[in-house]
There are 2 protein chains.
Amino acid sequence: MAEIAKVTIRPARREDVGAIVAMLADDPLGGGRERIEDPLPSSYFNAFEAVERDRNIRLLVAEDGEGAVVGCLQLCILPGLSSQGASRGLIEDVRVAKHCRSRGIGEQMVTWAVAEARARGCKLVELLTHHTRIDAQRFYERLGFARSHVGMTIRF
Amino acid sequence: MAEIAKVTIRPARREDVGAIVAMLADDPLGGGRERIEDPLPSSYFNAFEAVERDRNIRLLVAEDGEGAVVGCLQLCILPGLSSQGASRGLIEDVRVAKHCRSRGIGEQMVTWAVAEARARGCKLVELLTHHTRIDAQRFYERLGFARSHVGMTIRF
């Protein structure tokens, strides 16, 4: 592993939306699903506002020493009855900018999210990772996650 | 398959909490995680209230012709930036009372949830099912879900 990058984990702001979408699109799976245009389609900003309004959702970015956004992660805290009424944490859309990978940025973001979920009373944090993302699965196992479930999806 | 049961899918009410928790507990995996006491631990009712307050979460039950609760499902509609800012649907805690299985109740609930997610603008519905629940995986495949992801969890 290259030198660990010192990043600041902070809530995403509206002006980060472009950098976040660029990371979502810069990916074999995400590439076909996003639309990188200038200006960005307004649907991204509408979604950002919906995320901001939802007290149970945290969209985070990792910012490097020069103020550039080099990572993102979304954490949802989901109340529910199971496990004696404990909330669940759900981690989604974890991305690190290509030129910054293998420098511990994903680990810092996921560790932050797991600690936050725990602090908010979750007894479980879960995520789905595409079956082809073998490196991601190893990464999460290293952070203490188990490959306990099958993640099933239906796309319209 | 036995005769299809005619059920009504409706939002859960506070007085359904006991029936829902009983279904969550009546399961090899859920059994060790729940506490069936009389009265039920207040954590279940607190969680029910948190679910009710959250506009993006729908806790549903299936009610049979006699007014008994015989199934439950939780649907979360999660805003997020990916897929051009489309929301995601997450299905959790799907249960059917043991004496009512194989009568189409799970299918009616999941079909309802998928249609609701779609109506609310989701382009994707996702769920995690324990790797040992082979029958559940076949059930979801029959309803159009793909085994596309690995579901990873960390439990505290």
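Read from the N terminus, chain A runs through the pattern β-α-α-β-β-α-β-α-β-α-β, which amounts to 5 helices and 6 strands, where helices (H or I, at least four residues) and strands (E, at least two) are DSSP runs numbered from the N terminus. The model is a predicted one, in which local features need pLDDT of at least 70 and side-chain atom pairs count only at pLDDT 80 or more, while totals for chains, interfaces and linings use all residues. Residues are numbered from 1 along each chain as its sequence is written, chains are lettered from A and ligands numbered from 1 in the order in which they are written, and side-chain values use heavy atoms, with hydrogens and water left out.

The overall dimensions of chain A come next. Its C-alpha trace spans about 45 × 35 × 30 Å along the principal axes. The radius of gyration of chain A is 16 Å, which agrees with the value near 15 Å that a compact globule of 156 residues would have; this radius is taken over C-alpha atoms, and the globule rule is 2.2 Å times the number of residues to the power 0.38. Of the 156 residues of chain A, 56% count as buried, a term that stands for under 20% relative accessible area, as against exposed for over 50% and partly exposed in between (1.4 Å probe, protein chains only). Among the contacts in chain A with a separation of 6 or more, 60% come from residues 24 or more positions apart, contact being defined as heavy atoms within 4.5 Å.

Helix H1 of chain A, residues 17-25, shows how such packing is arranged, for its buried residues are A:Val17, A:Ile20, A:Val21, A:Met23, A:Leu24 and A:Ala25. Within chain A these residues pack against helix H2 (42-53) and strands E2 (57-63), E3 (69-78) and E4 (88-96), and helix H3 (82-85) of chain B is also among their partners.

The contact between the two chains takes 60 residues from chain A and 60 residues from chain B. Together the chains bury about 5,700 Å², 60% of it on carbon and sulfur atoms, where buried area is the accessible area (1.4 Å probe) that two parts lose on being put together, summed over both. On the side of chain B, the residues B:Leu81, B:Met152 and B:Phe156 lose the most area to chain A, together 16% of what that side buries. A:Gly85, which lies in helix H3 of chain A, touches B:Ser43, B:Tyr44 and B:Ala47 as well as A:Gly80, when residues up to four places away in sequence are not counted; at 19% relative accessibility, A:Gly85 counts as buried.

Within chain B, B:Ile105 belongs to helix H4 (residues 105-119) and counts as buried because its relative accessibility is 2%. Beyond its neighbours within four places in sequence, B:Ile105 is in contact with B:Ala5, B:Val7, B:Ala62, B:Val70, B:Val96 and B:Cys100.

Some backbone details deserve attention. Most residues other than glycine have a negative phi, and most peptide bonds are trans. The bond from A:Asp38 to A:Pro39 is cis, with omega near 0°, and A:Pro39 lies in the loop between H1 and H2 of chain A; in chain B, the bond from B:Asp38 to B:Pro39 is cis, with omega near 0°. A:Ser102, in the loop between E4 and helix H4 (105-119) of chain A, has a positive phi near 60° and is exposed, with a relative accessible area of 53%. B:Gln84, found in helix H3 of chain B, has a positive phi near 55°.
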